[in-house]
Amino acid sequence: GGAADGNAFDKALIKVGHLAEVTLHPDSDKLLVCKVELGEDTTRSICAGMQAFYKPEELQGRNVCVMCNMKAAKLGGIPSEGMILAGTSEDGAVVRLLEPAAGAVAGERVHEEGREASAAQPKSLKSNHLKAIKAGLHVKSALASFEGRTLRSAAGPVAVPDLADGAPIS
């Protein structure tokens, strides 16, 4: 597109998050409830549909990548203030969380290799923007990428293990 619509990724506010606490959702057999540190004053509550793929204790203490400027929602009565990003295999059988580089700190911005992180994020993404961002997110050589450009934080590139090139990330 022209310069006016720019790069869809510039609308995304993705940060490194630290999973301080992960528990099973009381009313859902799909959702995990995550308390996530994002370098903000308070932790955020985020519900992630990953119960089939991860046990809470496997996730607790891990770093993840979080889409921070999502419209807050309630999932089964529990607030969800963001989206934890993961790659999924073609057949949906394998889900892998995006893994920030070792040494990444909660709150670090995730941006495209060779491009500065944009400061122009809307407070909450419109659904068409979210769709455009998701459309460009894929696994490439076991790394997260947007339209072919590797995603990274200050600590280094963001990994997505065990998935084939082209696997979608959302």
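Begin with the interior voids, where the count comes to one cavity of 30 Å³ or more; a cavity here is a set of points, on a 1 Å grid over the protein atoms alone, where a 1.4 Å probe fits but cannot get out, and its volume is the space filled by probe spheres set on the points, which are joined across faces, edges and corners. This is a predicted model, in which local features need pLDDT of at least 70 and side-chain atom pairs count only at pLDDT 80 or more, while totals for chains, interfaces and linings use all residues. Residues are numbered from 1 along each chain as its sequence is written, and side-chain values use heavy atoms, with hydrogens and water left out.

**The cavity**

Select Phe9, Asp10, Ala12, Arg109, His111, Glu112, Arg115, Glu116, Ala117, Ser118 and Gln121, which line the largest cavity, lining residues being those with an atom within 4 Å of a point. The space enclosed there is about 40 Å³, and the lining divides into three nonpolar, three polar and five charged residues, where Asp, Glu, Lys and Arg count as charged, Ala, Val, Leu, Ile, Met, Phe, Trp, Tyr, Cys and Pro as nonpolar, and the others, Gly among them, as polar.

**The sheet**

Next, colour the open sheet of five strands, whose order is β3-β2-β1-β4-β7 with antiparallel pairing; strands are DSSP runs of E with at least two residues, helices are runs of H or I with at least four, both numbered from the N terminus, and two strands pair if DSSP finds at least two bridges between them. Because β3 (44-48) and β7 (83-84) stand at the edges, each with a single partner strand, one side of each is left without a neighbour in the sheet. Within the sheet, five bridges join β1 (residues 14-24) to the antiparallel β4 (residues 63-67), and isoleucine 14 has methionine 67 as its bridge partner in β4.

**Serine 45**

Now move to strand β3 and select serine 45, which counts as buried at 8% relative accessibility (buried means under 20% relative accessible area, exposed over 50%, partly exposed in between, with a 1.4 Å probe and protein chains only). Its side chain reaches the backbone oxygen of proline 79 at 2.6 Å. Leaving out residues up to four places away in sequence, serine 45 touches Val33, Cys34, Lys35, Ile78, Pro79, Ser80 and Glu81, contact meaning heavy atoms within 4.5 Å.

**Proline 56**

Finish at proline 56 in helix α1 (residues 56-59), a buried residue with a relative accessible area of 15%.

Methods: On a 1 Å grid over the protein atoms alone, a cavity is a set of points where a 1.4 Å probe fits but cannot get out, and a pocket is an open set with protein on both sides within 12 Å along at least five of seven lines; lining residues have an atom within 4 Å of a point. A polar contact is a pair of N or O atoms within 3.5 Å; within protein, one must be able to donate a hydrogen and the other to accept it, and residues adjacent in sequence count only if both atoms are side-chain atoms.
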